[in-house]
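Hi everyone, thanks for having me. Could you pull up the structure on your screens, so we can walk through a few spots together?

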Amino acid sequence: MFFSLIIPVYNRPYEIEELLESLAKQSYRSDFEVVIVEDGSSVKCDTVVDSFKDELFISYYFKDNSGPGDSRNYGMRKAKGEYFIIFDSDCVIPEQYLRNVAKNLTSNYVDCFGGPDAALDSFSDVQKAINFTMTSFLTTGGIRGKSEKIEKFQPRSFNMGISSKAFKESGGFGNIHPGEDPDLSIRLWKLGYKTSLFSDCHVYHKRRIDWEKFYKQVKKFGKARPILDKWHPEYKKITFLFPSLFIIGFLCSIIMLFVDFPFPFQFYLVYLQLLFMLSYIQNNRSIKIGALSIVATCIQFYGYGSGYIESFIKIHLLMKKPEEAFPELFFKK
């Protein structure tokens, strides 16, 4: 067996059903297994998993809650395949996905790959707006796929593959969350492994379905980044500062309006107009999604930027230990 699909799940049986339905429709005809790891859920998905046993070679494991990273490691230790593919439970997989992965690994083998994400037409308008702001070059620089350098790519764990050999040598994911996926990529580079973007291996990623959950998620992303910079200083990038600079600059531009210097504020208005137009075009000329994309971008920049500033002060200036400064980012194994 070549592929083992590793899927951690926490209190989301309704998502697992749609994910498994998409896996049952794969055009890839060679053997693959599906490994579901229930991470201490109070609402289990075992009944849903049982309903697919005639369609998929599937196994189900229940364990105490220890976070998604450790649950992925658990699943990879149980898996039988030579190459592991990791999905989040809120993904839907296109029919040609595994076939495209096999094709890419045949022509350009790497021990770790990642793919981009997209939105289905059935997603809500808020989900489409969040997908836009998380993937657009104008907001994230394309770091979650498509626009990022194909070589030296940092795969994200909602759509990621890693060989059994690389997993065993690296030890898999650490106990930080979020941030466990770039941390693993960097450790793999240090071990001499290569990573790559497979641009034709996308998944449909639902992400967060409301603004409050989205804000909490991106703020955690911001808190995690200075910790990763502390652990791996040679991989720091100036672009990680941009969301923080954006919110600071925006506040300054408002103050400058009171001294009759409108140019900085006008710059922000032009930027938001560009966001609206690009989202409007990409989302079938939807005015609503274009407007919601502006809201999503502001939430993303404020959440990530404020989280980054808080973490930078505690980790780099006050020299606090990450586990003590932000215990909510670390799971106990």
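**Salt bridges and a buried strand**

Let's begin with K314: at 21% relative accessibility, this residue counts as partly exposed, because the buried class stops under 20%. Before I go on, keep in mind that this is a predicted model.

So what does K314 do with its side chain? K314 meets E310 in a salt bridge, 3.2 Å from N to O. Both residues sit in helix α12, which covers residues 287-317, and they are four residues apart, about one turn of the helix. E310 is partly exposed as well, with 27% relative accessibility.

In general, side chains of opposite charge can pair when their charged atoms come close. How many salt bridges does the structure hold? There are 13.

Now, some pairs reach further along the chain. Take K223 and E328, whose closest N and O atoms are 3.0 Å apart in a salt bridge. K223 is in helix α9 (residues 211-231), while E328 is in the segment after α13 (322-325), so this pair ties together parts that are 105 residues apart in sequence. Is K223 buried or exposed? K223 counts as buried, at 13% relative accessibility, whereas E328 counts as partly exposed, at 36%.

Here's another pair to find: D88 forms a salt bridge with R72, and their closest N and O atoms are 3.6 Å apart. That one links distant parts of the chain, 16 residues apart: D88 is in the loop between β4 (83-87) and β5 (91-92), and R72 is in helix α3, residues 68-78. R72 is buried, with a relative accessible area of just 2%. And there's a third member here, since R72, D88 and E180 are linked in a network of salt bridges.

Okay, over to strand β1, residues 3-9. Why do we say β1 is largely enclosed by the rest of the structure? Because seven of its seven residues are buried. Look at the two faces: F3, L5, I7 and V9 are on one side, S4, I6 and P8 are on the other, and all are buried.

Which strands pair with β1? One is β2 (residues 32-39), which runs parallel to β1 and is joined to it by seven bridges. If you click on S4, its bridge partner in β2 is E33. Together, β1, helix α1 (residues 13-24) and β2 make a right-handed β-α-β unit. Another partner is β4, also parallel, with four bridges to β1. There, F3 stands opposite Y83.

That's my tour, thanks for listening!

Conventions: Residues are numbered from 1 along each chain as its sequence is written. This is a predicted model: local features need pLDDT of at least 70, side-chain atom pairs count only at pLDDT 80 or more; totals for chains, interfaces and linings use all residues. Side-chain values use heavy atoms; hydrogens and water are left out. A salt bridge is a side-chain nitrogen of Lys or Arg within 4 Å of a carboxyl oxygen of Asp or Glu. Buried means under 20% relative accessible area, exposed over 50%, partly exposed in between (1.4 Å probe, protein chains only). Two strands pair if DSSP finds at least two bridges between them. A crossover is right-handed if, with the strands pointing away from the viewer, the path from the first strand over the helix to the second runs clockwise.
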